[in-house]
Amino acid sequence: MTNKKPNKEEMLSAWLALTEGCEPSQEPVRLPVLSGSMLPDIPPGSTLVIVPCASKDLQRGDVVVFQTDNRLTAHRLIIQCTIGPLQVLFQKGDSNTHGSWISPRQVKGKVLEVEREHDIIPVSSNMAASES
């Protein structure tokens, strides 16, 4: 995989693929990081390599990409709960003080790698070991 920043056309195609605005692909997509909510491991200016997935394919500590309105966010999955027929997930940015609950329908993918400067860093469930 190359370590070049995605251009605007590639970013739009990736966003549409994840938000179901076009034919979904099982191929990874690349999108830039715009905020510091995942510092220090994932700084702004990095590029996320995201694979589409369902909430059932996630585990605690994964960095998940979810949709709220027309916005995609990548935060760490803290816990999954099932209460009767209802399943909910609690997510939080590594540098945020608070998180929030999301529904499985909001999950669009999982971050596999972070590209920053000249490095490609695999993302694992235990990347932020000090996180709670």
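Helices here are DSSP runs of H or I with at least four residues, strands are DSSP runs of E with at least two, and both are numbered from the N terminus. With that in hand, welcome to a set of close-up views of a predicted model.

**Figure 1. The whole protein chain, with one helix and eight strands.** Read from the N terminus, the order of elements is α-β-β-β-β-β-β-β-β, so the helix comes ahead of the strands under the numbering used here. The chain has 132 residues, and 42% of them count as buried. Its accessible surface is about 7700 Å², with 55% of that belonging to carbon and sulfur atoms. Among contacts with a separation of 6 or more, 54% are between residues 24 or more positions apart. Keep this overview handy as you move through the closer views.

**Figure 2. The largest nonpolar core, with 17 residues.** Nonpolar side chains tend to be buried together in soluble globular proteins. Which residues have the most contacts inside this core? They are Leu18, Ile42, Leu48, Ile50, Val63, Val65 and Val111. Helix H1 (8-18) and strands E1, E2, E3, E4 and E7 each supply at least two residues of the core. The largest share, three residues, comes from H1. A good place to look in detail is Ile42: leaving aside residues up to four places away in sequence, Ile42 touches Val33, Leu48, Val63, Val114 and Arg116. Apart from this core lies another one, of eight residues, and Cys53, Leu58, Val64 and Leu77 are among them.

**Figure 3. A salt bridge between Lys110 and Asp62.** Side chains of opposite charge can pair when their charged atoms come close. In this view the side chains of Lys110 and Asp62 meet at 3.6 Å, N to O. The pair links distant parts of the chain, 48 residues apart: Lys110 is in strand E7 (residues 107-116), while Asp62 is in the loop between strand E2 (47-52) and strand E3 (63-68). Are the two partners buried or exposed? Lys110 counts as partly exposed because its relative accessibility is 23%, and Asp62 counts as buried because its value is 3%. The cut-off behind that reasoning is a relative accessible area under 20% for buried residues.

**Figure 4. Arg76 and Asp94 in a salt bridge.** The closest N and O atoms of Arg76 and Asp94 are 2.8 Å apart. Arg76 lies in strand E4 (residues 71-83) and Asp94 in the loop between strand E5 (86-92) and strand E6 (100-102), so the pair ties together parts that are 18 residues apart in sequence. Both Arg76 and Asp94 are buried.

**Figure 5. Lys56 and Asp57, another of the four salt bridges.** A search of the whole structure finds four salt bridges, and this view shows the one in which the closest N and O atoms of Lys56 and Asp57 are 3.4 Å apart. Lys56 counts as exposed because its relative accessibility is 68%. Asp57 counts as partly exposed, with a relative accessibility of 43%.

**Figure 6. The one aromatic pair of the structure.** Phe90 and Trp101 form the pair, which is edge-to-face, with 5.0 Å centre to centre and 65° between the planes. Where in the chain do Phe90 and Trp101 sit? Phe90 is in strand E5 and Trp101 in strand E6, eleven residues apart, and the pair links distant parts of the chain. Trp101 is partly exposed, with a relative accessible area of 48%.

**Figure 7. Backbone details in three loops.** Most residues other than glycine have a negative phi, and most peptide bonds are trans. Three places are worth a stop with that in mind. A cis peptide bond joins Leu39 and Pro40, with omega about 5°; Pro40 is in the loop between strand E1 (29-32) and E2. Asp69, in the loop between E3 and E4, is not a glycine yet has a positive phi of about 55°. Asp69 counts as exposed because its relative accessibility is 69%. Glu117, in the loop between E7 and strand E8 (119-122), is not a glycine either and has a positive phi of about 50°. With a relative accessibility of 71%, Glu117 counts as exposed.

Key:
Residues numbered from 1 in each chain as written. Predicted model: local features only at pLDDT ≥ 70, side-chain atom pairs only at ≥ 80, totals over all residues. Heavy atoms only, no water. Buried < 20%, exposed > 50% of the residue type's maximum accessible area, 1.4 Å probe, protein only. Contact = heavy atoms within 4.5 Å. Areas by Shrake-Rupley, 256 points an atom, 1.4 Å probe, with all protein chains shown as cover. Core = buried A, V, L, I, M, F, W, Y, C linked by side-chain atoms within 4.5 Å. Phe/Tyr/Trp six-rings, centres within 6.5 Å; stacked < 30°, edge-to-face > 60°.
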